[in-house]
Amino acid sequence: MLQKKELPKLSEGFSRIMFCHNDAEIQDAVKTYSSLEPFDDLPRGCFGQRSHEAKVQVGIMKFLKKADAPSSGRTPKVDRVQRHLSPQSSDKKDQSSERKDGGLGLINFSEKEEMGSKETAACSSSNDIPTLAFPSISTADFQFNLDKASDIIVEKVEECLGKLGNARLVLVDLSHGSKILSLVKAKAEKKNIDSSKFFTFVGNIVHLFTKGGLRCSVIANAANWRLKPGGGGVNAAIFNAAGADFEAATKDRAKSLQPGHAVVVPLPSTSPLHIREGVTHVIHVLGPNMNPQRPNCLGNDYNEGCKLLCKAYSSLFDGFMSILNKQENIIPEPSKMLPGSDCGPDGSNQNFDQKNKRDGEFLSENSKKSRSSQNDARVEEANKDNERTGAKGWGSWAHALYQIAMHPERHKDDTFEVSEDVVVIKDVYPKAQRHLLVLARTENLDRLSDVRQEHLDLLRRMHAVGLKWAEKLLQEDDASLVFRLGYHSVPSMRQLHLHVISQDFNSPHLKNKKHWNSFNTAFFRDSVDVIEEVSSKGKATIKGDEGLLSMELRCHRCRSAHPNIPRLKSHITNCKAAFPAALLQNGRLVHRPGEVGTVKP
């Protein structure tokens, strides 16, 4: 395909370039990349280039064939985890990760081959092993000394292991370079703690099964004393992932929490964490605070701090033991659950009813059967609700904007402006230097195709708010910026939202062709055009053809074509061409007077 074109180079920003010379090599490459998970790691470099000047790594195709494509997309295969138990992949250092993106899954086991084989067996055993995944308590926002914290974790884990039976404990952290994981791992090895009963894991605690292949029936939350969503880190992630029913279930169990204490909350069967990840319980635990910027700071009193942290872990593990004693090791399999349903594929109920949720007890087999018809009715009603709200078909992760729009009081740290009609936030993964979202606060208005004549005033309000913020950024931030306001024809996130995005597109989050073309083809509908169409026709024209997202990469100013994102980014950094005439008309661009000039002939 590139016989007469300039070939890509590693210096352009690529981590790996493969040259395939026949159909068999292409199929091998496609098979390899199709089977990769977020924790897979292939070598960097240039492979297969037939040139005397190039450094060719022999045997690359043979290496790639080691990554077998999955036979089923339903359940992560055990061999994917086994492939990554070797010292080569378990010794990652200082690798960065996007905390809100999550999804990393690298099991940090011992470097010794003998111990590694034991841990492989432990991880690859049947999925009915009750498992508690917990973060390091008090070492993030509460700034507890890591060395002291790691001593306490290992001490309390060692005390607990003798009572666990066939259950296991997993310490989880999002970062590959986590110091607390390294400290705990080293100290656990010195004490010869059974690695099949306790190990460390790099991954997002709310995506351990779907993105890491590790099924955990119980997860711990490093909660705040109010037992409410908010803040950042684990607490915000778990509340967001578990959904509104989980917050209500938490309130039923406790109103607040004291340092050193824990509270067990059975997860509602409607929770995405239950359906998707197989989590049955969340244990809220509160540790001591050493951060003077947070409430109830202990200063530097580590005598009291260590006592409270010991008590917190004891409470956490006791809570896990109480779950094991009550549930008789029953763990639902998320891969066999039906979204939005209490019933498994065979029609039997695999969950527990509302009353026994509050008691933390599971139903017996007879109780399950007797309530099957009731659950069927609840499922049918839930599906009708989904159809009414437009929620049907959206992934659980796609409801984040809806939650912010409907409950901005829970996300005070993330909102720039809140009114009766709209909420303004920063895009979590901005595709330019400045990228804001104006969210509509209207039910059943998920996307542009839902907009009708009666929403015209709301569209105008959203545009006015977006325009205000663009002008504010021009005045207070960078007068050279140029903004565009518009909607994606087919958004990936639920809840109608207007993009206010600067046209520099200088962002590490803009990574692929789909990102670029979603803002620089007809797929992106300018706000002024949408308002005119709804006013005259009663609805907006939707240009959601997937072909638009796969079009060749072209500069949004001079319209020159480029082979890849690194080349395009390099070009647009220096491109001084005027914007196309269509964008300069009808107020589609917001800029300082005279900034964008006129179109060159």
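**Aromatic contacts and a helix pair in a predicted model**

Phe144 is a buried residue, with a relative accessible area of 2%. I begin with this residue, and I should state at once that the model before you is predicted.

What does Phe144 pair with? Its partner is Tyr302, and the two rings are edge-to-face, with 5.0 Å from centre to centre and 75 degrees between the planes. A pair of aromatic rings is described by exactly these two quantities, the distance of the centres and the angle of the planes. Phe144 belongs to the loop between β4 (131-135) and α6 (146-161), whereas Tyr302 belongs to helix α12 (residues 302-327), so the pair ties together parts that are 158 residues apart in sequence. Is Tyr302 buried or exposed? Its relative accessibility is 16%, and because the cut-off for burial is under 20%, Tyr302 counts as buried.

Tyr302 has a further partner. Lys148 lies over the face of this ring, at 5.5 Å from the ring centre. A similar arrangement can be described for Trp469: the charged end of Lys472 sits over its ring, 5.7 Å from the centre.

Let us stay with helix α12, where Phe317 is also found. Phe317 is buried, with a relative accessible area of 3%. Which residues does Phe317 contact, leaving aside its neighbours within four places in sequence? They are Leu132, Phe134, Lys156, Val157, Cys160 and Leu169. With Glu159, the separation of Phe317 is 158 residues in sequence, while the C-alpha to C-alpha distance is 9.7 Å.

I return to the aromatic rings. How many aromatic pairs does the structure hold? The count is 9. Ring pairs also join Phe505, Trp516, Phe519 and Phe524 into a cluster.

My last topic is a pair of helices. Helix α9 covers residues 233-242 and helix α10 covers residues 244-253; their axes come within 5 Å and cross at roughly 110 degrees. Angles of 65 to 115 degrees count as roughly perpendicular, and therefore α9 is roughly perpendicular to α10. Which residues meet there? From α9 they are Ile238, Phe239 and Ala242, and from α10 they are Ala244, Phe246, Glu247 and Thr250. By character, the residues of this contact divide into 5 nonpolar, 1 polar and 1 charged.

To close, I would ask you to keep two views in mind. One is the edge-to-face pair of Phe144 and Tyr302, with Lys148 over the face of Tyr302. The other is the crossing of α9 and α10 at roughly 110 degrees.

Technical notes. Residues are numbered from 1 along each chain as its sequence is written. This is a predicted model: local features need pLDDT of at least 70, side-chain atom pairs count only at pLDDT 80 or more; totals for chains, interfaces and linings use all residues. Side-chain values use heavy atoms; hydrogens and water are left out. Axes are lines fitted to C-alpha atoms, for helices over the stretch in contact, and angles run from 0 to 180 degrees between N-to-C directions. Helices (H or I, at least four residues) and strands (E, at least two) are DSSP runs, numbered from the N terminus. Angles under 35 degrees count as roughly parallel, over 145 as roughly antiparallel, 65 to 115 as roughly perpendicular and the rest as oblique. Contact means heavy atoms within 4.5 Å. Ala, Val, Leu, Ile, Met, Phe, Trp, Tyr, Cys and Pro count as nonpolar, Asp, Glu, Lys and Arg as charged, and the others, Gly among them, as polar. Rings of Phe, Tyr and Trp (its six-membered ring) pair if their centres lie within 6.5 Å; planes under 30 degrees apart count as stacked, over 60 as edge-to-face and the rest as tilted. Buried means under 20% relative accessible area, exposed over 50%, partly exposed in between (1.4 Å probe, protein chains only). A charge sits over a ring if NZ of Lys or CZ of Arg is within 6 Å of the ring centre and within 35 degrees of the ring normal.
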